[in-house]
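Where does this protein leave open space, and what surrounds it? This short report looks at pockets.

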Amino acid sequence: MSAARAFSTALRAGVPRAPIAARFARGYAAAAPSSAANKPPVALFGVDGTYASALYTASAKTNTLDTTAKSLEQLSAVFKRDEKLAQILRAPTLSVSDKQQIVQELQKHVGQDKDSIVKNFLDTLAQNNRLGVLEGVVNNFGILMGAHRGEIELVVTSAAALDNKTLSRLEAAVTKSQYVANGQKLKVVSKVNPEIKGGLIVEIGDRTIDLSVSSKMAKMNKLLKDTL
């Protein structure tokens, strides 16, 4: 199955009905539902989740999951380097010409793109006026690939960047904890948020451990307010 046809099928099978489906399905022919082997490993919601799921299904059908994941990782790096990119993509004033130029520029960063599935995907987003959800799609596709690989994500947020030694110690501690089941791989994601003032916020799966200074201050302020 070609990448274009696979993506078309995934969009038809994965999106809800009107009004959103009318935009997604424009120009696509009806297709049979996806087989269980090609379905996303977890359910995602929202427009970006729907597109990420469709891209996953299309990539699975064409055996391009790994190359698609690498291409999206490179796009993720572009978003990190250019903080204004997401805002530009969401601008309602973008003309057709603007979108074409943006897509052409983004396509330069996808690297090895088997069957041009990511390039076709970018074209589809532009045609459906959905370039603004690209960053969310990239993040959600990462979640799908993590589940596919049996990974569990450990997100560590600190006020300042943590060194590799500290991250390794956290990874080792969490790996031995009850939060990581046998056979699961831990994927460590380090984030910086100066607003937490200090300490850490550790997220693993659907659990959050808030050890930040800002959280402690909020609790102290509430205690004082309730007492007084």
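Helices and strands here are DSSP runs, numbered from the N terminus; a helix has at least four residues and a strand at least two. The model is predicted.

**The largest pocket**

The largest pocket has a volume of about 760 Å³. Its lining counts 24 residues. Nearest the centre lie Ser76, Lys80, Asn139, Glu153 and Val189. Two helices and two strands each supply at least two lining residues: H4 (65–81), H8 (134–148), S1 (151–158) and S2 (185–192). H8 gives the most, with 8 residues. Domain 1 (47–147) and domain 2 (151–227) both contribute to this lining, so the largest pocket lies between them.

**The second largest pocket**

The second largest pocket holds about 340 Å³ of space. It is lined by 17 residues, and Ile143, Glu151, Ile152, Glu153 and Gly205 are the closest to its centre. H8, S1 and S2 each supply at least two residues here, as do strand S3 (199–204) and strand S4 (207–212). Domain 1 (47–147) and domain 2 (151–227) both line the second largest pocket, so it lies between them.

**Lining by class**

| Pocket | Nonpolar | Polar | Charged |
|---|---|---|---|
| Largest pocket | 9 residues | 5 residues | 10 residues |
| Second largest pocket | 6 residues | 4 residues | 7 residues |

**Shared elements**

Glu153 is among the residues nearest the centre of the largest pocket, and Glu153 is also among the closest to the centre of the second largest pocket. H8, S1 and S2 each give at least two lining residues to the largest pocket and at least two to the second largest.

Conventions:
Residues numbered from 1 in each chain as written. Predicted model: local features only at pLDDT ≥ 70, side-chain atom pairs only at ≥ 80, totals over all residues. Heavy atoms only, no water. 1 Å grid on protein atoms, 1.4 Å probe; cavity = no way out; pocket = protein on both sides within 12 Å on 5 of 7 lines; lining within 4 Å. Points joined across faces, edges and corners; volume = space filled by probe spheres on them. Nonpolar A, V, L, I, M, F, W, Y, C, P; charged D, E, K, R; others polar. Domains from an automatic or database assignment.
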